[in-house]
Amino acid sequence: MRNPLNRRFIREVLGDLGKYLTIFIMMFLIVSECSGYLVANDSMIAAYNASFEKYNIENGYFSTEKKLNKAQKKNIESLGVKIYDDFYKDVEFNHGAIIRFYKLRNDVNLVCLMSGRLPEKKGEIAIDRMHCQNAGLNIGDRVSSNGIEYELVGTVALSDYSALFQDNGDSMFDSIKFAVSIVTDSDFEERDETLIYKYSWKYNTEPKDEIMEKEMGEDLMDGLIEQARLTSFVPRYQNQSINFAGEDLGADRNAMYILLYITVTIIAFVFAITISNTVSKEANVIGTLRASGYTINELIIHYMTLPLVVTLLAAILGNTFGYTYMKDVNAALYYGSYSLTTYETLFNLEALQKTTLIPIALMLIINFSILRRKLVYPPIKFLRRDIENKKQRKAFKLNYKIPFFNRFGLRVIWQNLSNYMMLMVGIVFANVLLMFGLMMPSTLEYYSANLANNLFAEKQYILQAPLSLQSSSGLESLMELMMFEKAVQTDNPDAEKFSAYYLKTNEDFAKEEEILFYGISKNSRYVNTSFKNDDVFVSSSFADKYDLKVGQTITLKENYGKKRYDFTITGIYPYDGNLSVFMDQKTMNQTFDLGDDFFAGYFSNSEINDIDEKYISTVMDLDSLNKISRQMDVSFGGFMGAVRVVSVAIFAVLIYILSKMVIEKNAQSISMAKILGYKNGEINRLYINPTSIVVLLSTILSLPLCYELIKVLWMKMMISRMSGWISYNWDVKTVCIKIVLYGLLGYALVALLEMYKISKIPKDEALKNVE
Amino acid sequence: MAFLQLKQIFKSFGEGDSQFQVLKGIDLEVEKGEFCVLLGPSGSGKSTLLNIIGGIDKADSGDIIVNGHSMESMNEKALTQYRREHLGYIFQMYNLIPNLTVRENIEVGAYLSKHPLNVDDLIDVLGLTDHKDKLPNQLSGGQQQRTAIGRAVVKNPDILLCDEPTGALDYSTSKEILKLIETVNNKYGSSIVMVTHNDAIKDMADKVVKLRDGQIRDAAINKNKLTASQLEW
């Protein structure tokens with residue numbers, strides 16, 4: 001015979017449809033999002049990893065000042081590599097973007113056609129898909145540069161540009177103002193922009209691991225310097241255009257699991273509290289059943305069945321929805337940031353297990369342990385309704401001077417303490433999400449504003465110093481320096497020379513990234529600190545990111561060599577444009593052995609027009625320094641909107657379920673209050689005001705906790721995943737006001753529902769017996 | 001040997017100065033199929049004694065032997081099994097499951113037995129055929145109590161324990177319930193131990209036990225047994 005108690009389930013669900021439906025929807029959404037994310041993510045990771053072989057991605061690239069001749073190529077290839085021409089030109093287009101022209105590649109870094117076709121005749125162009133999307137370009141559109149028009153015939157993903165970094169030293173890629181493209185040979189030749197002699201290399205024997213790859217890269221660089229004047233050298237493991245997307249794919253995996261498990265845990269506790277209340281309500285029935293011979297385990301199974309069925313159903317349907325729909329939504333988030341090649345959906349057993357088995361296990365463990373504790377009492381205790389903790393039964397003393405309604409409210413809070421505790425946890429969780437969703441745009445806004453404020457010159461010109469200048473020595477170096485210095489003089493009265501030099505962070509830092517050293521001239525008009533000979537100031541961004549303090553010694557290493565330098569920090573300079581170090585120009589030139597008169601760039605508040613573009617490697621202005629915040633806005637803007645909606649939904653759902661329980665638990669008392677002559681408004685004051693106070697207080701008190709939690713998350717994200725730095729500064733006051741307002745708005749809706757529910761409690765409820 | 005034997009049952013509540021001795025050495029025997037009524041004023045210990053017989057409360061000392069098996073050595077699991085196999089319980093407040101129908105509430109009892117009575121036949125005997133698909137809140141107090149009796153009886157228990165089964169009912173409904181219990185006793189041969197305040201009910205019992213201050217003041221065989229219909233109060 002089937003257990004007749006099972007027939008309660010459908011009636012229980014139908015009788016409390018609102019609760020079960022909201023819990024189901026909440027669980028369904030989080031499982032489907034998590035499943036969709038994991039499926040999309042793992043499929044894309046698999047496609048990304050396979051792309052190295054599929055598209056024959058280079059082991060690295062270098063560029064030279066002059067085109068390599070046959071003998072040079074032969075000598076280089078004798079170092080154990082095969083090199084391929086991969087020349088490009090950066091062309092400025094009328095729609096405000098720089099588009100990098102490449103000829104069609106047939107050997108390395110193959111092109112993935114995403115839509116349309118590749119250019120076949122003159123005047124045709126295929127541009128990176130991501131950029132087309134951001135710039136609103138469609139196949140068939142015409143784009144122009146300097147009077148030359150091109151027809152967009154296809155969108156592509158270049159396998160070595162999954163993230164659109166214009167320069168490998170950039171702190172962030174920029175798919176809005178930069179793109180790569182494929183043009184026909186004739187269109188390539190026609191352009192008169194500077195031709196960059198970039199060469200890709202593939203090792204004859206692939207390195208077995210990362211250590212070997214680094215050693216091979218360093219050996220190759222030593223050999224290359226002997227053969228040509230390098231302007232760049234980027235082994236694959238250092239190439240952000242190739243690696244950034246790969247590192248980002250899967251980086252949110254743990255965060256997604258945490259989100260899933262926290263949500264399931266909260267739901268499990270909500271269920272447990274609901275069941276606990278039901279057990280209290282049905283104590284006499286349970287007592288009778290136990291007295292009739294039902295075992296504790298039979299009752300535990302009975303009360304646990306619905307939460308488990310809801311979880312299982314949400315997991316199955318959530319996974320189905322995740323595979324069929326949410327996978328595309330999540331993939332679109334990545335495709336909205338990166339220029340990834342195509343991928344195929346792979347069945348993901350791990351995702352299925354982790355989004356099904358673990359939520360069920362969590363639900364089972366939490367509910368079992370709470371039910372076991374709740375049902376452990378002997379039948380007689382249930383029959384006597386004597387199953388609450390004795391301490392809880394004692395009334396705590398309240399001063400009679402406290403107005404009656406307030407005392408009553410305090411007693412309601414005390415009576416429903418477990419509900420309210422759960423509500424507080426839920427509010428903290430929802431507010432962490434909400435604060436994250438709100439602080440991100442505020443942080444980017446603050447960053448941009450702050451950047452504009454502490455930008456010491458409107459433009460910073462970094463000159464194109466040949467790499468060989470740093471590595472060669474003696475007379476040759478001096479000659480090169482003299483030639484270079486002559487070509488980069490300007491008559492612009494605003495211009496002020498500075499030295500620049502790049503080092504890299506060493507193993508002491510969480511991430512290997514470039515640090516720009518500024519050598520500042522005495523009495524600088526732009527940098528308003530007078531540096532003594534031994535001063536080493538780090539930028540505020542560098543100090544913030546790695547928690548550097550004055551007096552601390554840091555070790556940095558050469559970009560293209562093994563030499564290491566120790567610096568003792570003597571000050572912090574307020575500058576967030578990039579991670580940088582400021583020194584006296586003369587001292588810095590001596591430190592890096594650059595020669596007393598060396599300089600590498602100009603600060604200027606007006607444009608410098610009298611230096612040949614080929615000698616200018618980078619122009620840093622507010623726009624270019626802002627690319628990190630611009631790209632983050634593009635990458636996360638939509639996502640943050642979704643986070644805000646989800647967090648308010650979680651907030652409202654939790655309040656709805658838990659406050660509903662408070663009302664249901666007190667239905668008889670509310671009914672009695674009505675019989676006594678209390679008006680609905682007064683009853684609302686008695687039973688809704690306590691919830692309002694808890695919600696408001698929890699919301700306000702959770703704010704500092706949320707602030708600190710997000711700070712930890714932010715620091716972790718910025719340190720481990722981003723080059724450069726966006727400090728944790730945002731408009732706390734506005735964001736907090738918004739959180740409280742969102743919370744109150746969500747709560748107002750719930751309170752209206754609860755008021756309606758109270759108004760519908762009949763007066764005869766109090767007169768009914770327990771059946 | 002009697003089917004149910006109680007030997008020197010002691011039970012107290014509270015601790016220290018506030019300790020209160022509820023049962024002070026109760027000895028009692030109930031034969032198979034016997035109808036035993038426990039009478040006594042409030043606080044005399046009759047409900048406590050019933051709960052101890054039912055294995056839902058524990059005596060401080062003494063032993064209960066059911067069909068030759070001592071309950072003293074039984075752990076919680078064994079006690080549950082004992083209740084499952086041998087006992088039926090009826091309470092003053094009917095304690096029905098609110099979202100199960102009359103028939104389903106009776107099935108809750110049937111589920112526990114390897115050899116339950118036929119549910120529909122029992123519903124007929126209980127006079128609930130017209131109400132079998134109703135929920136408890138659609139029933140009168142008497143109908144609810146009849147359902148509770150059905151739930152207790154359906155598993156064909158050896159002993160039916162009734163704690164003030166008519167305590168919440170009016171005169172005529174109480175008589176209906178008593179008739180039903182009488183029918184169960186006669187038809188299914190269950191031993192019945194009933195706790196009641198109602199002195200009149202003693203006339204339908206085989207054995208009448210009067211309790212006061214935790215002790216049996218009188219235990220007598222009723223030689224002039226009346227039927228439930230004949231009772232008046």
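Which helix of chain A does Thr311(A) lie in? Let's work that one out, then a few more.

**Ground rules.** This is a predicted model, where local features need pLDDT of at least 70, side-chain atom pairs count only at pLDDT 80 or more, and totals for chains, interfaces and linings use all residues. Residues are numbered from 1 along each chain as its sequence is written, chains are lettered from A and ligands numbered from 1 in the order in which they are written, and side-chain values use heavy atoms, with hydrogens and water left out.

**Exercise 1. Place Thr311(A) and describe its surroundings.**

Step 1: Thr311(A) lies in helix 10 of chain A. Helices here are DSSP runs of H or I with at least four residues, strands are runs of E with at least two, and both are numbered from the N terminus.

Step 2: Thr311(A) has 1% relative accessibility, so it counts as buried. The cut-offs are under 20% relative accessible area for buried, over 50% for exposed and partly exposed in between, with a 1.4 Å probe and protein chains only.

Step 3: Skip the neighbours within four places in sequence, and Thr311(A) is in contact with Met27(A), Pro359(A), Ile360(A) and Met363(A). A contact means heavy atoms within 4.5 Å.

Step 4: Pro359(A), Ile360(A) and Met363(A) also turn up among the buried residues of helix 11 of chain A.

**Exercise 2. Check the span of helix 11 of chain A, then find what covers it.**

Step 1: Helix 11 covers residues 349-374, 26 residues in total. The expected span is 1.5 Å times one less than the number of residues.

Step 2: That gives 38 Å, and the helix reaches 36 Å from its first C-alpha to its last, which is close.

Step 3: The cover over its buried residues includes helix 2 (17-54), helix 8 (253-281), helix 10 (296-335) and helix 12 (379-383) of chain A.

Step 4: Now look at the start of the helix, where a side-chain oxygen of Asn348(A) comes within 3.2 Å of the backbone nitrogen of Glu350(A).

**Exercise 3. Describe the setting of Asn41(A).**

Step 1: Asn41(A) is found in helix 2 of chain A.

Step 2: Its relative accessibility is 0%, so Asn41(A) is buried.

Step 3: Leaving out residues up to four places away in sequence, Asn41(A) touches Leu249(A), Gly250(A), Arg253(A) and Tyr334(A).

**Exercise 4. How many disulfides does the whole structure hold, over all chains?**

Step 1: The search finds zero. A disulfide is a pair of cysteine sulfur atoms within 2.5 Å.

Step 2: Try Cys132(A): the closest cysteine sulfur is in Cys112(A), 14 Å away, so it is too far for a bond. Cys132(A) is buried, at 2% relative accessibility.

Step 3: Try Cys706(A): the closest cysteine sulfur belongs to Cys736(A), 8.6 Å away and too far for a bond. Cys706(A) is buried as well, with a relative accessible area of 0%.

**Exercise 5. Lay out the six-stranded sheet of chain B.**

Step 1: The sheet is open, has the order 6-7-8-3-9-10, and its pairing is mixed. Two strands pair if DSSP finds at least two bridges between them.

Step 2: Strand 6 (87-90) and strand 10 (215-221) each have a single partner strand, so one side of each has no neighbour in the sheet. From one strand to the next, the twist averages 15°.

Step 3: In the sheet, strand 3 (35-39) pairs with strand 8 (191-196) in the parallel sense over five bridges, and Cys36(B) has Val193(B) as its bridge partner.

Step 4: Strand 6 runs parallel to strand 7, joined by four bridges, with Ile90(B) partnered by Cys162(B).

Step 5: Both faces of strand 6 are covered: Leu87(B) and Tyr89(B) on one side, Gly88(B) and Ile90(B) on the other, all buried.

**Exercise 6. Lay out the four-stranded sheet of chain B.**

Step 1: This open sheet has the order 2-1-4-5, with antiparallel pairing.

Step 2: Strand 2 (20-30) and strand 5 (69-70) are the edge strands, each pairing on one side only.

Step 3: Strand 4 (61-66) and strand 5 pair in the antiparallel sense over two bridges, and the bridge partner of Val66(B) is His69(B).

Conventions: Polar contact = N/O pair within 3.5 Å; in protein donor to acceptor, adjacent residues only side chain to side chain. Axes fitted to C-alpha atoms, helices over the stretch in contact; angles between N-to-C directions.
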